Amino acid sequence: GGALTVVALVALAVLYRLRDFATPSWASARQASAELAGYYEERLIATEDIRANGAVEYVMHHLYRLMRQIFERYRVARVRNHIAFVTARLIFAFAVALGLGMGAYFYRQGSVSLGTVLLVNTYAAMLSMPLEQIVRQLQDMQQAAAGIQRVDALVRTPSLIEDGPGATLPDGPLSV
């Protein structure tokens, strides 16, 4: 029990350290997605002008570059996101191996039965389920944090439009 408790605490400590590991990558992927969406919008509006000026090849080349960029950024974000999952899996595999090793040692010493060894391994497997749920929530939280950072950056962007001195309106209805 003590060994599995130590493994669980180590797993939680490692997951705590990895909580923001993939967030910058997700923010970069979201930025690439926003750039691609903006490019789509601008080019769809200007479709007639692009065709009339013979710039279809240029536009498509730039579109392919943006799509390659978004693919790379999402790939990096997903790989970094899955590092927490793989790390947790390795820790769980270590917990099961530790349980088997200790069980085999104590079984050979004659201090536990084979059923107790099976029980310890079952407890190790049961320990992995809640920690895997934490890992999944950690992955979702990293994606959400990247979105929140983008919204926060947008809100903090100062406006370039300045209010004028204003004008006083006459009483009553205005003419059109």
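This is a short talk through the helices, buried residues and pockets of one structure.

Hi everyone, thanks for coming. One thing up front: what you have on screen is a predicted model. I'll begin with the helices, then pick out some single residues, and finish with the pockets.

Let's start with helix H1, residues 2–17. H1 has 16 residues, and from its first C-alpha to its last it reaches 23 Å, close to the 22 Å expected at 1.5 Å a residue. Which residues of H1 are buried? They are Leu4, Val7, Ala8, Ala11 and Leu15. If you look down the axis of H1, these buried residues fall within an arc of 100°, so they line one face of the helix. Here's the textbook background to keep in mind: an α-helix has 3.6 residues a turn, so residues three or four places apart point the same way. On the other side of H1 you'll find Gly2, Leu9, Tyr16 and Arg17, which are exposed. And what do the buried residues of H1 pack against? They pack against H4 and H5.

Now, over to helix H5, which runs over residues 114–156. With 43 residues at 1.5 Å each, H5 should span 63 Å, and its end C-alpha atoms are indeed 63 Å apart, so expectation and model agree. Quite a list of residues is buried in H5, including Val117, Asn121, Ala124, Ser128, Leu131 and Glu132. Further along H5, the buried residues include Gln139, Gln142, Ala146 and Gly147. The elements covering the buried residues of H5 include H1, H2 and H4.

Let me zoom in on one of those, Leu131, in helix H5. Leu131 is buried because its relative accessible area is 6%, and the cut-off for buried is under 20%. Leaving aside neighbours within four places in sequence, Leu131 is in contact with Ala8, Ala11, Leu12, Leu15 and Phe92. Three of these names should sound familiar: Ala8, Ala11 and Leu15 were among the buried residues of H1. For a sense of scale, Leu131 and Tyr39 are 92 residues apart in sequence and 41 Å apart in space, C-alpha to C-alpha.

Next, helix H4, residues 56–109. I'd like to show you two of its residues. Ala95 lies in H4, and at 1% relative accessibility it counts as buried. Setting aside the residues within four places in sequence, Ala95 is in contact with Leu4, Val7 and Ala124. The C-alpha atoms of Ala95 and Val6 are separated by 9.5 Å, although the two residues are 89 apart along the chain.

The other one is Asn81, also placed in helix H4. Is Asn81 buried or exposed? At 4% relative accessibility, Asn81 counts as buried. Its contacts, not counting residues up to four places away in sequence, are Ala22, Trp26, Gln139, Gln142 and Gln143. Of those, Gln139 and Gln142 are themselves on the buried list of H5.

A quick stop at helix H2, residues 23–45, where a couple of serines are worth a look. Ser25 is found in H2 and counts as buried at 9% relative accessibility. Ser25 touches Arg73, Val76, Ala77 and Arg80, again not counting residues up to four places away in sequence. Ser28 lies in H2 too, but at 26% relative accessibility Ser28 counts as partly exposed. The C-alpha atoms of Ser28 and Pro170, 142 residues apart along the chain, are separated by 51 Å.

Finally, the pockets, which I suspect some of you have been waiting for. The largest pocket has a volume of about 210 Å³. Helices H2, H3 (47–52) and H4 each give two or more residues to its lining. Among the lining residues are Tyr39, Tyr40, Arg43, Arg51, Met60 and Leu63. How does that lining divide by residue type? There are eight nonpolar, one polar and two charged residues.

The second largest pocket holds about 180 Å³ of space. Here H1, H4 and H5 each supply at least two lining residues. The lining includes Leu4, Met102, Phe106, Val117 and Tyr123. By type, it divides into eight nonpolar, four polar and no charged residues. Two names come back here: Leu4 is among the buried residues of H1, and Val117 is among those of H5.

That's my tour, and thanks for listening!

How values were computed
Residues are numbered from 1 along each chain as its sequence is written. This is a predicted model: local features need pLDDT of at least 70, side-chain atom pairs count only at pLDDT 80 or more; totals for chains, interfaces and linings use all residues. Side-chain values use heavy atoms; hydrogens and water are left out. On a 1 Å grid over the protein atoms alone, a cavity is a set of points where a 1.4 Å probe fits but cannot get out, and a pocket is an open set with protein on both sides within 12 Å along at least five of seven lines; lining residues have an atom within 4 Å of a point. Grid points are joined across faces, edges and corners, and a volume is the space filled by probe spheres set on the points. Helices (H or I, at least four residues) and strands (E, at least two) are DSSP runs, numbered from the N terminus. Ala, Val, Leu, Ile, Met, Phe, Trp, Tyr, Cys and Pro count as nonpolar, Asp, Glu, Lys and Arg as charged, and the others, Gly among them, as polar. The expected span of a helix is 1.5 Å times one less than its number of residues. Buried means under 20% relative accessible area, exposed over 50%, partly exposed in between (1.4 Å probe, protein chains only). Contact means heavy atoms within 4.5 Å. The arc is that of the directions from the helix axis to the C-beta atoms.
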